[in-house]
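Biologist: I have a structure open and some questions about how it is put together. Can you take me through it piece by piece?

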Amino acid sequence: MRVRELEKSDVRDAVRILVLSFDRELNGIFNDVELARELLFKFFSDYSENCFVAEGERVVGFASYSTRKMPVSKFLRRELGFVKGIKTSLLIDYLCPKPKKGEGTINFIVVSPLRRNSGVGSTLLSRIIEDAREKGVRSLKSYVSVENDAGIGLFTKFGFEIEKMLDNSFAEKNFGQRQWYLMRLEL
């Protein structure tokens with residue numbers, strides 16, 4: 001298996017895996033999984049900074065992290081209109097907040113359902129950590145649902161620690177899950 005930067009030819013497969021992995025959250029953000037699929041395809045076709053894919057015979061994993069604010073809000077305002085675009089970008093910013101100086105935010109690590117528990121997630125996370133260190137990032141953080149045992153286990157395996165837990169009705173209403181861990185790794 002090889003991990004490399006996302007290319008335009010990978011976007012359809014990468015977004016398919018992203019939608020399979022986060023259908024509940026995407027439905028909460030966009031109220032329509034097919035609309036989410038279309039918008040994510042457009043976004044990642046143009047914006048691939050700090051995005052990686054894992055491939056064997058085909059793309060089996062997709063990951064993204066940020067070291068600065070991604071241009072999501074501008075993109076969504078253009079695609080959905082001002083009001084709906086702002087609302088949607090605020091929901092995304094809730095789970096993928098703008099990193100502070102010297103930090104990185106892991107937006108997601110997703111693995112094809114048929115390839116889970118085969119080291120794909122570890123390989124992607126290892127690449128993110130390596131890339132972040134090369135860019136001078138001092139710490140990485142990510143929000144993980146308290147129900148996501150595999151995600152918590154993956155981050156813990158790499159030394160991430162739970163910094164705090166979010167517990168609020170806003171997250172429950174919009175993402176179907178009330179409690180989320182903020183996990184952090186000092187590099």
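**Helices, sheet and rings**

Modeller: Start where Gly28, Ile29 and Phe30 in α2 meet Thr88, Leu91 and Ile92 in α5. Keep in mind that this is a predicted model.

Biologist: By class, how many nonpolar, polar and charged residues does the contact of α2 with α5 have?

Modeller: The α2 side brings Gly28, Ile29 and Phe30, and the α5 side brings Thr88, Leu91 and Ile92. Glycine counts as polar here. The contact therefore splits into four nonpolar, two polar and no charged residues.

Biologist: At what angle do the axes of α2 and α5 cross?

Modeller: Two packed helices are described by the angle and the distance between their axes. Helix α2 covers residues 23–30 and helix α5 covers residues 82–95. Their axes come within 9 Å, and they cross at roughly 145°.

Biologist: Which residues in α2 are buried, and what covers them?

Modeller: Buried means under 20% relative accessible area. In α2 that holds for Glu25, Leu26, Gly28, Ile29 and Phe30. The cover includes α1 (11–21), α3 (33–46), α4 (72–80), α5, α8 (169–175) and β7 (179–186).

Biologist: Which residue follows α2, and what is its phi?

Modeller: Most residues other than glycine have a negative phi. The residue after α2 is Asn31, and its phi is positive, near 60°.

Biologist: Now the sheet. In what order do the seven strands run?

Modeller: The sheet is open and its pairing is mixed. Neighbouring strands are turned by 25° against each other on average, direction ignored. The order is β1-β2-β3-β4-β5-β7-β6.

Biologist: Which strands stand at the edges?

Modeller: Look for strands with a single partner; one side of each is then left without a neighbour in the sheet. The edge strands are β1 (2–5) and β6 (161–167).

Biologist: What stands opposite Ile162 in β7?

Modeller: Strands of a sheet pair through backbone hydrogen bonds, either parallel or antiparallel. β6 and β7 pair in the antiparallel sense over six bridges. Opposite Ile162, in β7, stands Met183.

Biologist: Is β4 paired with β5 in the parallel or the antiparallel sense?

Modeller: Take the other pairing of β4 for reference. β3 and β4 pair in the antiparallel sense over six bridges, with Phe62 opposite Val110 in β4. On the β5 side, Thr105 has Lys141 as its bridge partner. β4 and β5 (residues 139–145) pair over three bridges, and the sense is parallel.

Biologist: How many residues of β4 are buried?

Modeller: β4 is largely enclosed by the rest of the structure. α1 lies across β2 (51–55), β3 (59–66) and β4 (103–111), running at about 80° to β3. The buried count for β4 is nine of the nine residues.

Biologist: On to the rings. Is the pair of Tyr94 and Phe175 stacked or edge-to-face?

Modeller: A search of the whole structure finds nine aromatic pairs, including this one. Tyr94 is in helix α5 and Phe175 in helix α8, 81 residues apart. The ring centres lie 5.9 Å apart with 20° between the planes, and planes under 30 degrees apart count as stacked.

Biologist: And what kind of pair do Phe155 and Phe160 form?

Modeller: Both residues are buried, Phe155 at 6% relative accessibility and Phe160 at 3%. The ring centres are 4.8 Å apart. The planes stand at 65°, so the pair is edge-to-face.

Biologist: Which residues form the aromatic cluster?

Modeller: One of its members is Phe62, the residue opposite Val110 in β4. The full cluster is Phe43, Phe44, Tyr47, Phe62, Phe75 and Phe108.

Biologist: Which residue lies over the face of Phe41?

Modeller: The distance to the ring centre is 4.3 Å. The residue over the face of Phe41 is Arg12.

Biologist: Last one. Asn50 and Asn117: which is buried and which is exposed?

Modeller: Each has a positive phi, near 60° for Asn50 and about 65° for Asn117. Asn50 lies in the loop between α3 and β2, Asn117 in the loop between β4 and α6 (120–134). Relative accessible area is 6% for Asn50 and 83% for Asn117. So the buried one is Asn50, and the exposed one is Asn117.

Key: Residues are numbered from 1 along each chain as its sequence is written. This is a predicted model: local features need pLDDT of at least 70, side-chain atom pairs count only at pLDDT 80 or more; totals for chains, interfaces and linings use all residues. Side-chain values use heavy atoms; hydrogens and water are left out. Axes are lines fitted to C-alpha atoms, for helices over the stretch in contact, and angles run from 0 to 180 degrees between N-to-C directions. Helices (H or I, at least four residues) and strands (E, at least two) are DSSP runs, numbered from the N terminus. Contact means heavy atoms within 4.5 Å. Buried means under 20% relative accessible area, exposed over 50%, partly exposed in between (1.4 Å probe, protein chains only). Two strands pair if DSSP finds at least two bridges between them. Rings of Phe, Tyr and Trp (its six-membered ring) pair if their centres lie within 6.5 Å; planes under 30 degrees apart count as stacked, over 60 as edge-to-face and the rest as tilted. A charge sits over a ring if NZ of Lys or CZ of Arg is within 6 Å of the ring centre and within 35 degrees of the ring normal.
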